[in-house]
Amino acid sequence: MSERLPDFLNVSRLARQGVAFKGRVPIARLARLASILADADGEAEAELAFSMDDQGIPVVRGRVTAPVALTCQRCLEPMEQVLASRFVLGAVASEAEAERLPEEYEPLLVSGDRVATADLLEDELILAVPIVPMHEPERCTATKAVAAVEGKPGPAAGNREAAHPFAVLDELKRKQ
C-alpha cells in the first residue's frame, strides 16, 4: 500500500492493477468543504483500494476521516467533530451506466478516465457533515444560558426537553 495519495486517479487502470493507497490531504485544499467549516485547519486521512468486480466494473473501496471544526447551530460557537465515511464506488462513464450498477455501489462518474483524488474525498466528507451541527446539550453555551435564565440546572445527558426558544428574551424583557 502506497503511503502517498496521488493528485489524480486513473480508476480503470488502478482497478486492473489492484492498487491501494493511504495518505493525507490538507483540509485547506478541499475548498468546498472548507467553506462550510469554522476553520480549515487539519488534514483528512484516507485509504483507497481499487479492484475489478466479477462484472468488469472498476471499484473503489475506501474510507476517509477528518477532524474538523463546525459551527454549532444552537450557540454559534465552534465545535469539534470527526467526519467519517466508508464507501464503495463503482466507476461509470454516464448516468445510464450508473442506473445499472449493483445496489452495493454508489456511482463514481468518471469522465476522461481521471478523477481528482481531493474531489473524491471531499465529496465523501461533505456527505458526512451533519445537516444541523450542534453541541451535546450539556456542552452548549446556549442551552446552559437558557437553563440559567429559567433558574433550572443545566440539561442532564438524558434530558432532551427543549426550552422555549425565546425564553431568554422574555426574561430580559421582564427585567427591564
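A residue counts as buried when its relative accessible area is under 20%, as exposed when that area is over 50%, and as partly exposed in between. Keep those cut-offs at hand for this tour of a predicted model.

**Stop 1: a salt bridge between two helices**

Select Glu 122 first. Its relative accessible area is 3%, so Glu 122 is buried. Now add Arg 32, whose side chain meets that of Glu 122 in a salt bridge, with 3.0 Å from N to O. Arg 32 belongs to helix α2 (residues 31-34) and Glu 122 to helix α4, so this pair ties together parts that are 90 residues apart in sequence. Unlike its buried partner, Arg 32 is partly exposed, at 42% relative accessible area.

**Stop 2: the largest nonpolar core**

Stay with α4 and select Leu 121. Which residues does Leu 121 touch, leaving aside those up to four places away in sequence? They are Leu 5, Val 25, Ala 46, Leu 48, Val 64 and Phe 87. Leu 121 is one of the residues with the most contacts inside the largest nonpolar core, alongside Val 11, Leu 48, Phe 50 and Leu 120. This core has 36 residues. To see where they come from, colour α1 (11-17), β2 (20-26), β3 (43-52), β4 (58-71), β5 (78-92) and α4 (117-128), since each of these supplies at least two residues of the core. In soluble globular proteins, nonpolar side chains tend to be buried together.

Another core, of five residues, lies apart from the largest one. Select Ile 57, Val 92, Leu 101 and Tyr 105, which are among its members.

**Stop 3: a network of charges**

Next, show the side chains of Arg 24, Glu 43, Glu 45, Glu 47 and Arg 63. Salt bridges that share partners join these residues into one network. Begin with Arg 24 and Glu 43, whose closest N and O atoms are 3.7 Å apart in their salt bridge. Because Arg 24 lies in strand β2 and Glu 43 in strand β3, the pair ties together parts that are 19 residues apart in sequence. Glu 43 is partly exposed, with a relative accessible area of 37%.

Then move to Arg 63 and Glu 47, which form a salt bridge with closest N and O atoms 3.1 Å apart. Here strand β4 holds Arg 63 and strand β3 holds Glu 47, a link between distant parts of the chain, 16 residues apart. Is Arg 63 buried or exposed? Its relative accessibility is 16%, so Arg 63 counts as buried, while Glu 47 is partly exposed at 25%. Across the whole structure, a search finds seven salt bridges.

**Stop 4: strands side by side**

Switch to a cartoon view and follow β4 into β5. These two strands form a hairpin with six residues between them, and Leu 76 in the turn has a positive phi of about 65°. They run antiparallel, joined by 13 bridges. To look at one of these pairings, select Val 60 and its bridge partner in β5, Leu 89.

From β5, carry on to strand β6 (residues 106-109). Four bridges join β5 and β6, and these strands run parallel. For an example, select Gly 90 together with Pro 107, its bridge partner in β6.

**Stop 5: a patch on the surface**

Finish by turning on the surface and selecting Ile 131, Val 132 and Met 134. Together they make a nonpolar surface patch of about 330 Å². Ile 131 sits in the loop between α4 and α5 (141-149). At 84% relative accessibility, Ile 131 counts as exposed.

Key:
Residues are numbered from 1 along each chain as its sequence is written. This is a predicted model: local features need pLDDT of at least 70, side-chain atom pairs count only at pLDDT 80 or more; totals for chains, interfaces and linings use all residues. Side-chain values use heavy atoms; hydrogens and water are left out. A nonpolar core is a set of buried Ala, Val, Leu, Ile, Met, Phe, Trp, Tyr and Cys residues joined through side-chain atoms within 4.5 Å. Buried means under 20% relative accessible area, exposed over 50%, partly exposed in between (1.4 Å probe, protein chains only). Contact means heavy atoms within 4.5 Å. A salt bridge is a side-chain nitrogen of Lys or Arg within 4 Å of a carboxyl oxygen of Asp or Glu. Two strands pair if DSSP finds at least two bridges between them. Patches are made of residues with over 30% relative accessible area and no salt bridge: like charges are joined within 9 Å, nonpolar side chains (Val, Leu, Ile, Met, Phe, Trp, Tyr) within 5 Å. Accessible areas come from the Shrake-Rupley method with a 1.4 Å probe; for residues, only the protein chains shown count as cover.
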